[in-house]
Each structure stands twice: as structure tokens, then as C-alpha cells.
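Grab a pencil and work through these exercises on one protein model. Try each task yourself before you read the solution.

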Amino acid sequence: MAADTVTVKLTEGEKSFVEKVAQYYYENDGMPHDRGRVVGWMMICDPAAQTAGRIAEVLGVPRAAIDRIVDQLTPENDPVSVFERTGSLTEDYTIRLRENSWAPKVRGIFSEFPDFHRVARAGLDGLRAEGAAEERLLRLSNMERFLAFVSAEMPAILERHEKQKSAGQAG
């Protein structure tokens, strides 16, 4: 039997990890389990680049579902995408987790917080100027304070990560 036709079974450790990742994303982001399983598998698979057919086989998910999931995980023109795809969805393309991709993704997400903080602050100021009741503004006020905090603290956190990475302490 050729190597590419051998049925692949996850070890118990691999299956446990993949399921824990899927459950984590389901509970925290509402991500469907199959999508979380693909993320989990791509974090630990060997080799690092996997064809759509192999992912479908390993996870026991129909190829059409893998195509939809991969299309969501590899958005076009996303410079900080965690995953990259080689080939089109009409062929047996390859997907891989980009090396050191988590920090740029998080940096990209948090880089938008200062702008959103300014929107929240302006909204809060405008509504207060119109005499809106404080209890009505509570949600917006809480969000504005959180965004202000994250906007101020995140650059220092990311800078510390870069220094550790440069020193060989973080990946």
C-alpha cells in the first residue's frame, strides 16, 4: 500500500490535544468544533504543511467542510494571518501554520484598540454633553475604560515579548 493511501489515526495524545483546542475555541469564540479541530491539528501536525485531503482524512471530516474551514482560516490579503494556503481550493492545496505567527496576529488585533477607544471616548463625551443619564452610559463607560487600559498596556507587553524572543526566551 502506498504511503499516501495509508489511513492515518491520531494518537490518544494528539486526539486529546485537538479536542481540547476545539473545545477551547468553541467555549471562548463560538467557533464550530471542526474548525477548532483543524486549528489544533495544524498546531501539532507532522509534517507542518498538510494537504486538504490529509487533513480531512486525519480528522474524519468531509473534504468540502475542510475547504470551507480553510477558506475561513486563510483570508486573502491578511498580512497577519496565522495560516497560509498554497494552491487553490479546487485542488489538493496545502495549508500550514506560519512560524511565529501568533504575536503578529495579536499585535494586529490590538493595534485597532486605540482607534476604537477614541470612538468610544468621543461617543461617551457626546452623550454626556447631551445630558444622557449615567446609568444609560454604564456599558459604554466600562468599555471605554477597558479599551483605554488595553491601549496603554498592550504595547509594553508586546515589546517585552519581542525582547524575550530576541534573547531566545520566547517563540
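Below are four exercises, each with a worked solution.

A quick note before you start: this is a predicted model, where local features need pLDDT of at least 70, side-chain atom pairs count only at pLDDT 80 or more, and totals for chains, interfaces and linings use all residues. Residues are numbered from 1 along each chain as its sequence is written, and side-chain values use heavy atoms, with hydrogens and water left out.

**Exercise 1. The sheet**

Task: Work out in what order the three strands form the open sheet.

Solution:
- Start with what counts. Helices (H or I, at least four residues) and strands (E, at least two) are DSSP runs numbered from the N terminus, and two strands pair if DSSP finds at least two bridges between them.
- Now read off the order: E1-E3-E2, with antiparallel pairing.
- Next, find the edges. Strands E1 (49-51) and E2 (83-86) each pair on one side only.
- Zoom in on one pairing: E1 and E3 (residues 94-97) are joined by three bridges. In E3, arginine 96 is the bridge partner of alanine 49.

**Exercise 2. One side of a helix**

Task: Find which residues of H1 are buried.

Solution:
- Check the helix itself. H1 (residues 12-29) has 18 residues and reaches 25 Å from first to last C-alpha, close to the expected 26 Å. That expected span is 1.5 Å times one less than the number of residues.
- Apply the cut-offs: buried means under 20% relative accessible area, exposed over 50%, and partly exposed in between (1.4 Å probe, protein chains only).
- The buried ones are Val18, Val21, Ala22 and Tyr25. They cover an arc of only 95 degrees around the axis, so they sit on the same side of H1. (The arc is that of the directions from the helix axis to the C-beta atoms.)
- What do they pack against? The buried residues of H1 pack against H2, H3 (52-59) and H5 (102-110), where contact means heavy atoms within 4.5 Å.
- Turn the helix around: the face away from the buried side carries the exposed residues Glu12, Lys20 and Glu27.
- Finish at the end of the helix, where glycine 30 follows H1 with a positive phi, near 70 degrees.

**Exercise 3. Salt bridges inside helices**

Task: Explain why arginine 37 and aspartate 34 are about one helical turn apart, then do the same for lysine 163 and glutamate 159.

Solution:
- A salt bridge is a side-chain nitrogen of Lys or Arg within 4 Å of a carboxyl oxygen of Asp or Glu. The structure holds twelve of them.
- Recall the geometry: an α-helix has 3.6 residues a turn, so residues three or four places apart point the same way.
- Arginine 37 and aspartate 34 are three residues apart in H2 (residues 33-44), which means about one helical turn. Their closest N and O atoms are 2.8 Å apart.
- Arginine 37 is buried at 19%, while aspartate 34 is partly exposed at 31%. Both belong to a salt-bridge network with Glu19.
- Lysine 163 and glutamate 159 are four residues apart in H7 (residues 134-166), so again about one turn separates them. Here the closest N and O atoms are 3.4 Å apart. Lysine 163 is exposed at 55%, and glutamate 159 is partly exposed at 46%.

**Exercise 4. A bridge between elements**

Task: Decide which parts the pair arginine 85 and aspartate 71 ties together.

Solution:
- First, the pair: the side chains of arginine 85 and aspartate 71 meet in a salt bridge (4.0 Å, N to O).
- Then place both ends. Arginine 85 lies in E2 and aspartate 71 in H4 (residues 63-73), so the pair ties together parts 14 residues apart in sequence.
- Last, check accessibility: arginine 85 is partly exposed at 25%, and aspartate 71 is partly exposed at 42%.
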